[in-house]
Amino acid sequence: MWSPAVTTAAPTPTGRDLPHPAREDIRLEEVLHALSDPMRLRIVCELAAASGELSCSQFELPVTKSTTTHHFRVLRESGVIRQIYRGTAKMNGLRRDDLDGLFPGLLDALLAAADRQAARTTGTA
């Protein structure tokens, strides 16, 4: 008796799936470039402080919507964040496990440095 073969093919992408680099394709220079911009570093700091994912609309950035979209795309394409649609919201999560696995201590050092810089510039140091 014939039975169909079981396949484990990846799910078919939809028009709403967003491309992300695989963990092994994340490059240090791309991560550092992504985090070199103050708005993108701000996004990452907010994600690191959050207990889970945040939607794009939860970020109050002093830039246009198209510029905000650009910043999220740079972070996603460099492997710093993961974006996924949940209903109509685009949710953002920090790829901490991937970054810590590839570059141990880098993310924590950058976040601590950003905190120190913020304290210096606001005079709370």
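In the predicted model, Phe59 has a relative accessibility of 7% and is therefore classed as buried. Phe72 is likewise assigned to the buried class, because its relative accessible area is 2%, under the 20% limit for that class. A search over the whole structure returns one aromatic pair, and this pair is formed by Phe59 and Phe72, whose ring centres lie 5.3 Å from each other and whose planes enclose an angle of 70°. The arrangement is edge-to-face, because an angle over 60 degrees between the planes is assigned to that class. The pair connects distant parts of the chain, since Phe59 belongs to the loop between strand 1 (54-55) and helix 3 (65-78), whereas Phe72 is part of helix 3 itself, with 13 residues separating the two in sequence.

The secondary structure into which this pair is set comprises five helices and three strands, and the order of these elements along the sequence is α-α-β-α-β-β-α-α. Of the 125 residues in the protein, 31% are buried. The surface exposed by the protein amounts to about 8200 Å², of which 55% is supplied by carbon and sulfur atoms. When contacts between residues at least 6 apart in sequence are considered, 65% of them join residues at least 24 apart.

The largest nonpolar core contains 23 residues, and the members that touch the most other members are Val44, Leu75 and Val80. At least two residues of this core are supplied by each of helix 1 (28-35), helix 2, helix 3 and helix 5 (106-122), and the largest share, five residues, is contributed by helix 2. The surroundings of Leu75 illustrate how this core is connected: with neighbours within four places in sequence set aside, Leu75 is in contact with Ala34, Leu35, Arg40, Ile43, Val44, Val80 and Ile81. This list includes Val44 and Val80, which were named above together with Leu75 for their number of touching core members.

Charged side chains form eight salt bridges in the structure. One of these joins Glu29 and Arg27, with a nitrogen-to-oxygen distance of 2.6 Å. Glu29 is partly exposed, its relative accessible area being 45%, and Arg27 is placed in the partly exposed class with a relative accessibility of 43%.

A further salt bridge is formed between Arg86 and Glu53, for which the closest N and O atoms are 2.9 Å apart. This bridge links distant parts of the chain, as Arg86 is located in strand 2 (residues 81-86) and Glu53 in the loop between helix 2 (38-49) and strand 1, at a sequence separation of 33 residues. The relative accessibility of Arg86 is 44%, so that this residue counts as partly exposed, and Glu53, with a relative accessible area of 34%, is partly exposed as well.

The salt bridge between Arg73 and Glu77, in which N and O are 3.4 Å apart, is contained within one element, since both residues lie in helix 3 at a spacing of four residues, which is about one turn of the helix. Arg73 is partly exposed at 33% relative accessibility, and Glu77 is partly exposed with a relative accessible area of 39%. In addition, Arg23, Arg95 and Asp98 are joined into one network by salt bridges that share partners.

Asp98 also takes part in a comparison of positions along the chain and in space: the C-alpha atoms of Ala22 and Asp98 are separated by 9.3 Å, although the two residues are 76 residues apart along the chain. Ala22 is located in the segment before helix 1 and, with a relative accessible area of 30%, is partly exposed.

With regard to covalent cross-links, the count of disulfides is zero, the criterion being a pair of cysteine sulfur atoms within 2.5 Å. Among the cysteines, Cys45 is partly exposed with a relative accessible area of 23%, and Cys56 is placed in the partly exposed class at 24% relative accessibility.

Note on methods
Residues numbered from 1 in each chain as written. Predicted model: local features only at pLDDT ≥ 70, side-chain atom pairs only at ≥ 80, totals over all residues. Heavy atoms only, no water. Phe/Tyr/Trp six-rings, centres within 6.5 Å; stacked < 30°, edge-to-face > 60°. Buried < 20%, exposed > 50% of the residue type's maximum accessible area, 1.4 Å probe, protein only. Salt bridge = Lys/Arg side-chain N within 4 Å of Asp/Glu carboxyl O. Contact = heavy atoms within 4.5 Å. Areas by Shrake-Rupley, 256 points an atom, 1.4 Å probe, with all protein chains shown as cover. Core = buried A, V, L, I, M, F, W, Y, C linked by side-chain atoms within 4.5 Å.
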